[in-house]
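Me: I have not seen this structure before. Please go through the surroundings of the ligands with me, and give the reason behind each term.

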Amino acid sequence: MAKAKPASELDYNNLGFNYMDLPYRFLAHYSDGRWDAGKLTEDSTLHISEGSTSLHYGQADFEGLKAYRTKDGSINLFRPDMNAKRMHNSCERLLMPPYPEDKFIEAVKQVVAANADYVPPYGTGATLYLRPLMIGIGGNIGVHPASEYLFTIFAMPVGAYYKGGLKPTNFTTSYYDRAAPHGTGQSKVGGNYGGSLLPGDEAHKAGYSDVIYLDPATHTKIEEAGSANFFGITKDNEFVTPKSPSILPSITKYSALYLAEHRLGLKAVQGDVFINDLDRFKEAGAMGTAAVISPIGGIEYKDKLHVFYSETEVAPLTRKLYDELTGIQFGDVEAPEGWIQKVPLN
Ligand code: PLP
Ligand code: COI
């Protein structure tokens, strides 16, 4: 895999969401019951045993967060403590040794500072995406947790996740489930995404930008999209997002619930969103670190497309929410206490 082009040669206005091999990543190793100190490395290839539990049995979890270049040239992280905590929870679900949360944040800052040239310029809307990843390694064959692990954090500049960025796109419901009622849906583990590749591919081939999964027990309620949580805004100004034990607890979702209530004057609700009752919503969207706030034009269900506001125009409250959230992330709008951490630059 070729190394990334020099930072000055990238077209930050047309990045999309693609892997790039940047100069530095963080790597720590767990063995004999403890994590080593970890360090930055230039080697982007992992050398692991063929018996690694991550390869056979999906003992692997990950995170996604972004670094934002502000107008004054400094670099912001958005709520990295919540990613550290969620990864801790994912590790507990897969019997992996959680990486200490304070050290997680420290390592994120090291990776951003070491690759600071690649944090896209303010005003392009692009960001540096960080991917913390933990995998079970070592020689194993039985279905047991590994005794050795790698924790890495790598990074790459990214643009819009869904084609068009802040433009409505259509989503489709799927026959497949993303997660089981008491499975691993609430954890950010690799297996959830392996199972989503086929439904995602079918949706893309049919011209939709992502899948909307229904609740696995009754198939009557919206759970979430393949890589983002769902929200709808009702005609009487309630900001509604599904509550379910099998969806990923999205950091963007918790932030949007707060902003909807405290900055947009909406009533914020976590509750049921029945797929047969989409008429109550005047706007809808997908939200996540990669997706940011992505307007949903319409949702296809049983061969009918339900359009919310418009298939081409961004709805007004969705745009307001996008502006408020990204304004905070890029440092232009005052952040609620504790939401922004600065990356110390050398
Ligand atoms: N749901 C799924 C399945 C995801 O992969 C993601 C991405 O992280 C989200 C929701 C959004 O979560 P967050 O806002 O924490 O990025
Ligand atoms: C994220 O938003 O960080 C995600 O992890 C979504 C997807 C790229 C898996």
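Me: Which residues surround ligand 2?

Reply: This is a predicted model. In it, ligand 2 is surrounded by Phe17, Phe62, Gly64, Tyr129, Arg131, Tyr161, Lys188, Tyr193, Ser227, Thr289 and Ala290. They count as near because a heavy atom of each lies within 4 Å of the ligand.

Me: What makes the approach of tyrosine 129 to ligand 2 a polar contact?

Reply: An N or O atom in the side chain of tyrosine 129 is 2.6 Å from an oxygen atom of ligand 2. The cut-off for such a pair is 3.5 Å, so this is a polar contact. Lysine 188 also qualifies, because one of its polar side-chain atoms lies 2.7 Å from an oxygen atom of ligand 2. At alanine 290 the atom concerned is a backbone N or O, 2.8 Å from an oxygen atom of the ligand. Of the 280 Å² that ligand 2 exposes when taken alone, the protein buries 90%.

Me: Why is ligand 2 said to lie between domain 1 and domain 2?

Reply: Both domain 1 (7-158) and domain 2 (169-329) give residues to the shell around ligand 2, so the ligand lies between them.

Me: How do you know how the shell around ligand 2 divides into nonpolar, polar and charged residues?

Reply: Each residue is sorted by its type, with Tyr counted as nonpolar and Gly as polar. The result for ligand 2 is six nonpolar, three polar and two charged. For the shell around ligand 1 the division is five nonpolar, seven polar and four charged.

Me: Which residues come nearest to ligand 1?

Reply: There are 16 residues around ligand 1, and those that come nearest are Tyr193, Glu224, Ser250, Thr252 and Thr289.

Me: What makes glutamate 224 a polar contact of ligand 1?

Reply: A nitrogen atom of ligand 1 is 2.6 Å from an N or O atom in the side chain of glutamate 224. That is within the limit of 3.5 Å, so the pair counts. Serine 250 has a polar side-chain atom 2.6 Å from an oxygen atom of ligand 1. For arginine 86, the distance from a side-chain N or O atom to an oxygen atom of the ligand is 2.7 Å. On its own, ligand 1 has 380 Å² of accessible area, and the protein covers 96% of it.

Me: Which elements give two or more residues to the shell around ligand 1?

Reply: They are helix H6 (251-262) and strand E15 (281-288).

Note on methods
Residues are numbered from 1 along each chain as its sequence is written. Chains are lettered from A and ligands numbered from 1 in the order in which they are written. This is a predicted model: local features need pLDDT of at least 70, side-chain atom pairs count only at pLDDT 80 or more; totals for chains, interfaces and linings use all residues. Side-chain values use heavy atoms; hydrogens and water are left out. A polar contact is a pair of N or O atoms within 3.5 Å; within protein, one must be able to donate a hydrogen and the other to accept it, and residues adjacent in sequence count only if both atoms are side-chain atoms. Accessible areas come from the Shrake-Rupley method with a 1.4 Å probe; for residues, only the protein chains shown count as cover. Helices (H or I, at least four residues) and strands (E, at least two) are DSSP runs, numbered from the N terminus. Domain bounds come from an automatic or database domain assignment.
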